Amino acid sequence: MATASRAALTVEVMEMLAHYDPRLWELIDPDVPPHPIHDNGGGLGIGFRSAAGGDGARLNPQPLPPGYGLLPAVRDMSVSVAEATIAASLAGRKPAEVLREVGDDICPEPPKMPWPKKWPVPVTLQQQLLADPQRVSPAVQATAALVFQSYAQRTTDKSLSTAFTDLADRLLERALKTANGSS
């Protein structure tokens, strides 16, 4: 069972992510009207659960805003890092050492790019970071933290679980500091 402080932290993280995928607002605050970006002109938003009771799969001829590619790119990078860490652990490396380097790369002092040096940076991320670093960096860090925490909870290897949890905590701490304007 989550404590009040953990619940508050989770809401803050989800709010950061909702700036890039407005459909998440329905999960955080269901009474919020649909985001204007999802309005199809008839006042009915599309999302996970829309006011019309739809399944969120309506067609929308509008192109997706740039933020939509960010979260899947971060998720994919984080999964790749986690899988590489597991492989390195199987090869005899200590997971904490592998993830410490990744954490250093994803938790730089602003305005540096929060991305692992050994992974290619998506062009859209570079563009978004230049346009809005106060939101993009925390969104990258918070998304990665959720992925690493997911791995921590699903692995039975204690050293891997601990390393993933430590990195997730570090990423969330940096995301919240950056989002709140302190470095």
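Which residues does Leu-171 touch, not counting residues up to four places away in sequence? In this predicted model, the list runs to Ile-106, Cys-107, Gln-141, Ala-144, Ala-145 and Phe-148. That's a handy way in, as Leu-171 is among the residues with the most contacts inside the largest nonpolar core.

**The overall layout**

Let's step back for a moment. The protein chain has seven helices and zero strands, so reading from the N terminus on you get α-α-α-α-α-α-α. Of its 183 residues, 37% are buried. If you take contacts between residues at least 6 apart in sequence, 58% of them join residues at least 24 apart.

**The core**

In soluble globular proteins, nonpolar side chains tend to be buried together. Here the largest nonpolar core has 38 residues, and Leu-70, Val-140, Phe-148 and Phe-164 join Leu-171 as those with the most contacts inside it. Two or more residues each come from helix H1 (4–18), helix H3 (70–90), helix H4 (95–106), helix H5 (123–131), helix H6 (133–154) and helix H7 (158–179). H6 gives the most, with ten residues.

**Two packings of H3**

Two packed helices are described by the angle between their axes and the distance between the axes. Here's how H3 sits against H4 and H6:

| Helix pair | Angle | Axis distance | Handedness |
|---|---|---|---|
| H3 and H4 | about 155 degrees | 9 Å | right-handed |
| H3 and H6 | roughly 40 degrees | within 9 Å | right-handed |

Take H3 and H4, which pack at an angle of about 155 degrees. Because angles over 145 degrees count that way, H3 is roughly antiparallel to H4. On the H3 side, the contact uses Met-77, Val-81, Thr-85, Ala-88 and Ser-89, and these meet Pro-95, Val-98, Leu-99, Val-102 and Ile-106 in H4. Sorted by type, the residues of this contact come out as eight nonpolar, two polar and no charged.

Now for H3 and H6, whose axes cross at roughly 40 degrees. That makes H3 and H6 oblique to each other. H3 brings Leu-70, Leu-71, Val-74, Arg-75, Ser-78, Val-79, Val-81, Ala-82, Glu-83 and Ile-86 to the contact, while H6 brings Val-136, Ala-139, Val-140, Thr-143, Ala-144, Val-147, Phe-148 and Tyr-151. This time the split is 14 nonpolar, two polar and two charged. Some names come back here: Val-81 appears in the contact with H4 and in the one with H6, and Ala-144 and Phe-148 of H6 are also on the Leu-171 list.

**Two buried residues up close**

Ala-142 belongs to helix H6. Is it buried or exposed? Ala-142 counts as buried because its relative accessibility is 0%, with the cut-off for buried being under 20%. Leaving aside neighbours within four places in sequence, Ala-142 is in contact with Val-13, Met-16, Leu-17, Leu-172 and Ala-175. The Leu-172 partner is 30 residues away along the chain, yet the C-alpha atoms of Ala-142 and Leu-172 are separated by 5.4 Å.

Thr-178 is in helix H7. With a relative accessible area of 5%, Thr-178 is buried too. Not counting residues up to four places away in sequence, Thr-178 touches Pro-110, Gln-134, Ser-137, Pro-138 and Gln-141. Gln-141 is a name we've met already, since Leu-171 touches Gln-141 and so does Thr-178.

Definitions and conventions. Residues numbered from 1 in each chain as written. Predicted model: local features only at pLDDT ≥ 70, side-chain atom pairs only at ≥ 80, totals over all residues. Heavy atoms only, no water. Core = buried A, V, L, I, M, F, W, Y, C linked by side-chain atoms within 4.5 Å. Buried < 20%, exposed > 50% of the residue type's maximum accessible area, 1.4 Å probe, protein only. Helix = DSSP H or I, 4+ residues; strand = E, 2+ residues; numbered from the N terminus. Contact = heavy atoms within 4.5 Å. Axes fitted to C-alpha atoms, helices over the stretch in contact; angles between N-to-C directions. Parallel < 35°, antiparallel > 145°, perpendicular 65-115°, else oblique. Left-handed = near helix turned anticlockwise from the far one by under 90°. Nonpolar A, V, L, I, M, F, W, Y, C, P; charged D, E, K, R; others polar.
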